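Open the structure in your viewer and keep the selection tool at hand. The tour below goes from one stop to the next, saying what to select and what is there.

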Amino acid sequence: MKQFNICVLAGDGIGKEVTDWGVKALETAGRYHELSFNFHHELLGHAAIQATGNPLPDATLERCKASDAVLLGAIGDPHYDLNPHLKVRPEQGLLALRKGLGLFANIRPILLFDELLDASSLKRAVIQGTDILFFRELTGGIYFGEPRGRKLNGTVAYDTKVYAKYEVDRIARMAFEAAKSRKKILHSVDKANVLESSRLWREVVQDLTPEYPEVEVVHMYVDNAAMQLIKNPKQFDVVLTGNMFGDILTDEASQIAGSLGMLASASIGNEVGLFEPIHGSAPDIAGQNIANPLATILSTALMCNRSLNAPTTGQLIIDAVDAVLKAGYRTKDIMGPQTDPQKVLGTHKMGEQVLNHIHSIAEKNVPA
Ligand code: IPM
Ligand code: MG
């Protein structure tokens with residue numbers, strides 16, 4: 001029996017509902033492969049501010065560092081948007097956690113399930129066959145650059161976009177490696193026609209090309225990339241971006257997959273990896289048992305593949321999600337005109353279906 005310590009950060013809003021099912025999926029699938037888990041729950045975001053005044057309490061960071069992997073729900077609360085003068089925000093907790101764990105690479109697969117082709121607002125012919133792997137730089141760029149602040153009595157505000165060569169180099173290498181093992185094409189996104197930091201970005205990526213002769217590199221301006229993504233998503237395979245461009249483009253790309261509620265992500269650095277759905281805390285639907293738990297469940301599959309060296313368990317979880325969709329079950333956010341109203345499920349029922357299918361696939365039974 002292999003034992004893992006997983007730190008669970010439910011965070012805010014729908015975070016608890018969805019991580020509960022991530023935990024159950026991991027436990028259920030792991031049991032078939034001799035994996036067992038200790039789950040430690042810690043606070044992050046608004047929940048942490050309420051309890052301790054700090055969006056990333058020391059205890060949370062310490063527990064994450066001592067774990068084999070971290071499962072995160074979502075953070076954020078409308079309270080802060082209504083009170084913009086508040087200096088402490090939930091998002092600071094997530095950013096400090098990324099920095100504190102050295103998670104410089106955010107990997108976001110745009111994985112399409114055939115069953116959901118009609119849930120996208122884009123035409124089936126445009127999206128069918130799309131399979132994109134984003135590498136978003138996560139601990140640099142305008143999210144962290146100094147100086148930032150206000151001047152002239154608060155009437156002028158500024159942020160700074162900074163990239164050092166080593167920051168670009170280390171994530172670019174990850175993207176090149178992925179491209180090498182996939183379709184051997186890498187799109188690097190920048191705004192080198194305007195920004196100096198983007199010119200450095202392009203230089204560093206270009207300088208790596210002799211080390212990866214089999215990979216074709218396409219440098220693309222971010223505005224064009226935003227357009228090409230919905231015009232012809234199939235031209236992309238591995239996409240490399242800076243922090244903010246990646247934040248924006250991956251939300252856009254989520255619509256190719258039908259819903260933000262389906263996309264998982266892995267944040268990787270030197271040691272502990274963090275796994276989370278790319279959706280937010282969705283305070284408008286929190287506590288109503290309608291949130292889609294599948295992105296979080298799929299994030300546990302990424303955890304198995306990337307951090308726990310348990311790809312068979314990861315595949316079992318993905319196969320179970322696929323089977324649930326094939327059986328016609330949907331949460332509200334991914335239902336379409338063809339969906340049988342009897343098969344529109346809440347969070348709990350959807351989670352239970354995934355567990356049932358994990359059992360039936362692992363035991364090679366046909367589910368009832
Ligand atoms: C994301 C989110 C975060 C980000 C927010 C919550 C700080 O949008 O993970 O994509 O901008 O990185
Ligand atoms: Mg985002």
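**Stop 1: a residue in a strand**

Select arginine 136, which is found in strand S5, residues 131-137. Keep in mind throughout that this is a predicted model. Is arginine 136 buried or exposed? Its relative accessible area is 1%, and buried means under 20%, so arginine 136 is buried.

Now show what arginine 136 touches, not counting residues up to four places away in sequence. The contacts include Arg98, Phe104, Ala105, Asn106 and Arg108. Also among them are Tyr143, Ile171, Thr241, Gly242, Asn243, Gly246 and Asp247.

**Stop 2: the largest pocket**

Next, turn to the largest pocket, with a volume of about 1,300 Å³. Select Arg89, Glu91, Gln92, Leu95 and Tyr143: of the 35 residues that line this pocket, these are the closest to its centre. Tyr143 was also on the contact list of arginine 136.

Which elements give two or more residues to the lining of the largest pocket? They are helix H5 (90-100), strand S6 (149-151), strand S7 (156-158), helix H10 (243-254) and strand S12 (273-277). H5 provides the largest share, five residues. Colour the lining of the largest pocket by class, and you should find 15 nonpolar, seven polar and 13 charged residues.

Then colour the model by domain: domain 1 covers 1-120 + 257-368, and domain 2 covers 128-254. Where does the largest pocket lie? Both domains give residues to its lining, so the pocket lies between them.

**Stop 3: the largest cavity**

A search of the whole structure finds one cavity of 30 Å³ or more. The volume of the largest cavity is about 40 Å³. To see its lining, select Lys161, Tyr163, Val189, Asp190, Ser198, Trp201, Gly242 and Phe245. Gly242 is also one of the residues that arginine 136 touches.

Strand S8 (185-190) and H8 each supply at least two residues of this lining. By class, the largest cavity is lined by four nonpolar, two polar and two charged residues.

**Stop 4: aromatic pairs**

How many aromatic pairs does the structure hold? There are four. Begin with phenylalanine 37 and phenylalanine 39, whose ring centres are 5.7 Å apart and whose planes are at 25°. Planes under 30 degrees apart count as stacked, so this pair is stacked. Both phenylalanine 37 and phenylalanine 39 are buried. Add Phe4 to the selection: Phe4, Phe37 and Phe39 form one aromatic cluster.

Now select phenylalanine 176 and tyrosine 212. Their ring centres are 4.6 Å apart and their planes are at 10°, so this pair is stacked. The pair links distant parts of the chain, its members being 36 residues apart. Phenylalanine 176 is in helix H7 (residues 165-181), while tyrosine 212 is in the loop between helix H8 (196-208) and strand S9 (216-221). Phenylalanine 176 is buried, with a relative accessible area of 0%. Tyrosine 212 is buried too, at 5%.

**Stop 5: a residue in a loop**

Finally, select asparagine 83, in the loop between helix H4 (78-82) and H5. With a relative accessible area of 25%, asparagine 83 is partly exposed. Add aspartate 319 and check the C-alpha to C-alpha distance: the two residues are 44 Å apart in space and 236 residues apart in sequence.

Terms used:
Residues numbered from 1 in each chain as written. Chains lettered and ligands numbered in written order. Predicted model: local features only at pLDDT ≥ 70, side-chain atom pairs only at ≥ 80, totals over all residues. Heavy atoms only, no water. Helix = DSSP H or I, 4+ residues; strand = E, 2+ residues; numbered from the N terminus. Buried < 20%, exposed > 50% of the residue type's maximum accessible area, 1.4 Å probe, protein only. Contact = heavy atoms within 4.5 Å. 1 Å grid on protein atoms, 1.4 Å probe; cavity = no way out; pocket = protein on both sides within 12 Å on 5 of 7 lines; lining within 4 Å. Points joined across faces, edges and corners; volume = space filled by probe spheres on them. Nonpolar A, V, L, I, M, F, W, Y, C, P; charged D, E, K, R; others polar. Domains from an automatic or database assignment. Phe/Tyr/Trp six-rings, centres within 6.5 Å; stacked < 30°, edge-to-face > 60°.
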